[in-house]
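Work through these exercises with the model open. Each task is followed by a stepwise solution.

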Amino acid sequence: MNEEIKNNVESKESNTADNEKLPEILPLLIRNDVIIYPLLILPVAVNETNQIKLIDDSLSSNKLILLGFTKKESMTNLNDDDIEEYAVVTNIMKMLRFPDGSIRILLQGIKRAKIEEIIKEQKPYPLATFKIIEEIESNSIKYQALTRNLKDQFKNYIKLSQQFPEEIFQILDSIQEGWKVADFIASNLPIDLNIRYEILTIKDSIKRMEKISEILAKETSILELGQKIKSKVTNEISEDQKKFFLREQLKAIKEELGEEDLKDKEIVELREKLKNKKMPDDTRETVNKEIDKLEMMNPMMPDYNVSRTYIDWILELPWNEYSKDNLDIKRAEKILNEDHYDLTKVKERILEYLAVRKLKNDSKGPILCFVGPPGVGKTSLGKSIARALGRSFVRISLGGIHDEAEIRGHRRTYVGALPGRIIQELKKAKTSNPVFMLDEIDKIGSDFRGDPSSALLEVLDPQQNDSFQDHYLDLTYDLSQVMFITTANVLYTIPPALLDRMEVIELPGYTIDDKIFIAKKYLLPRQIKENGLTEKNLKIMDDGLYEIIDGYTTEAGVRNLERTIGSICRKIAKKIADNRKKTFLISPKNVKNFLGKRKFLKDQAEKKSEIGITTGMAWTPNGGEILFVEAIKMPGKGNLILTGQLGEVMKESARAALSYIKANAKKFKIKPEDFDKFDLHIHLPEGAIPKDGPSAGITLATSIVSVLSQIPVRSDISMTGEITLRGKVLPIGGVKEKIIGAKLAGIKNIIIPLFNKRDLDEIPKDTLKGLNFYFVKNFDQVINLALEKRGDKK
């Protein structure tokens, strides 16, 4: 459409060869995005390796290619049937190569052609034989009339479009032949590629001009309609301006009459609120601009409510508004002890924070993560901390959240957009330093909508959260004074980068003595009050509480215990309401009258020592328990069979234990040939329950040694520890829960890794009373203690 096109049109075929000089076979470049007409020039980008090779080969020979067309969207795995039969012989005028390997070429159409045969040789691109379609000119009146009409139509289209340079008229006037006029106009119309191809296939020049005249008439009608719509919109805008001036006049009249305008009142109120806010200067400037914009809007416009809601959100946030911390450490300690039993580590950490605040009042809020089994009081502890500090308490549950916008909010371009949950809860708290609990952080998810845990990285980083930016507000907000507390049941599901930003405090499960104390001091009084009873109506003996805990709950916390006590209270309330006796005493003997038969039977230690039966210790989300490992040998070929729904880590522990024992068979008085003569089958009962972890390593190894040496394992001893290929015993976790579970099962002697000796300092002395501990560094020590022949016989 520039001087190059004009020169090409005028020179007709000056740069091309006659039909006789055109080769019979040409490389076939297949595209689904471009169509060129004869004598016209078109730039084409080429990215595919095979097509680049085609261009390079053509440039090194006659610079001629056949430009074909396919209607398929995907260019991969094209069949011959996918390639349309009409094409254009083109000349490569220029080629430019880019650093990324792609090229851009300038093609000039030469002749229409019909593909006769596609040839696929050894080259990475197809070749094709073709037949040239000659253009036939005519001196008929119809031909000349169509040519002149096409020019006039296109000139009218150009004037309406206003997107063409002035030179287009000169180029159009310089073209005389009708088929050239048709091709030139078709190449400059915004029409679909399929229609462009249809025009390419029309051999008859008159029919081709008629088709383009029809298309041009349609496109001209569209432009004319667009002009009418534009004119109408302009008139409406002018009408809006007129209304604005009239409203301003009406406003002045109302002021003279002493009447008040509702919108003006809103603007004044917003400016007054802004004046009283202690927000940063850049935020204040943003809000001022929004209010100015709002003032210029018609209240009936949709954007008015969007802008008003945005301003309201900003003005209702507690910018630089902080509640004063109560720094009385003794008072805080008293409140924490009133609300929760034990949890010494957590209480110490909160009192340390208060002490630091007392010495340095601009210290940033800590980021704590309470990890522990369900029901140990993680969530309620957050409320107690807020009460002790004299701060507001807000909480959101992160369990099941998949959308990042839940944390950061939606951008205002979305319909119904809102800030994220962080900003929403701060608005409710009405201070910028609440105790903010993020519950169930280990259960957060992610999907195509984003990763909420990544958004939390900024929120929970003391080095970054002083400039937190919500997508909806698009303003920075200081979260550095917020005390964030997260809760989780496990740590392994929390992303490492997020976990690294938090101070982890573990809340272990409660012992039975702990639960009895908590039930008497907290749970029972609360349930008595909630069910309309009095202390005179119900009393539960300590033995009765023990029976409830041991037989009707299986948990590390006390949530189910409180629910069970509540069930007893409701049944007693019913009996009292039926005018029966007024006082009830719950003992171990009559618990079943209220709760039915025992729901849970705990595993108990074996009374008799047996070959291949070893008592281990396991940690579960509901607390600790003992775990039996059974092993037998049978004639076979040295295979190791593992059953009981074991996880991969536990299976690896069993294999490592067997390898160590094989390597040290002489030490354990095992015949080396037994490993080849017998198969070993190791089973962990309760096969429906998945089991995993490395801490059963020494237990598995002890059962293997016992069954191969035919020496019984002591029934009064339990053990836990990871074993290595060198026989070293490595430390494990969950020591407190495991010891409690073993004691409840009647175990008196416990083997644990030497490194875990320090964990006993955190276990109440009453729990350790009556237990004998053996601390081991290697498996030899375990065997000497566990096997009857090498230890004390029982």
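**Exercise 1.** Does Leu-771 count as buried or exposed, and at what relative accessibility?

*Solution.* This is a predicted model, where local features need pLDDT of at least 70 and side-chain atom pairs count only at pLDDT 80 or more, while totals for chains, interfaces and linings use all residues. Residues are numbered from 1 along each chain as its sequence is written, and side-chain values use heavy atoms, without hydrogens and water.

Step 1. Apply the cut-offs: buried is under 20% relative accessible area, exposed is over 50%, and partly exposed lies in between (1.4 Å probe, protein chains only).
Step 2. Leu-771 has 10% relative accessibility, so it counts as buried.
Step 3. Place the residue: Leu-771 is in the loop between helix H26 (765-768) and strand S24 (772-776). Helices (H or I, at least four residues) and strands (E, at least two) are DSSP runs, numbered from the N terminus.
Step 4. List its contacts (heavy atoms within 4.5 Å). Beyond neighbours within four places in sequence, Leu-771 touches Ile-739, Lys-743, Ile-747, Lys-748 and Ile-750.

**Exercise 2.** What is the strand order of the open sheet of 7 strands, and which pairing does this sheet have?

*Solution.*
Step 1. The order is S18-S19-S17-S16-S20-S23-S24, with mixed pairing. Two strands pair if DSSP finds at least two bridges between them.
Step 2. Find the edges. S18 (640-643) and S24 each have a single partner strand, so one side of each lacks a neighbour in the sheet.
Step 3. Take the twist: neighbouring strands are turned by 30° against each other on average, direction ignored. Axes are lines fitted to C-alpha atoms, for helices over the stretch in contact; angles run from 0 to 180 degrees between N-to-C directions.
Step 4. Add a helix. H24 (residues 697-709) packs on the sheet, at about 30° to S17 (623-635).
Step 5. Add another. H25 (residues 735-744) also packs on the sheet, at about 75° to S17. Among the strands H25 touches is S24.

**Exercise 3.** Over which residues from 1 does pLDDT stay under 50?

*Solution.*
Step 1. pLDDT is the predictor's confidence in each residue, from 0 to 100. The protein's mean is 86, and 92% of its residues reach 70 or more.
Step 2. Residues 1-19 stay under 50, with 31 contacts beyond four places in sequence in the model.
Step 3. Residues 790-794 are also below 50.
Step 4. Where pLDDT is low, the predicted coordinates should not be read in detail.
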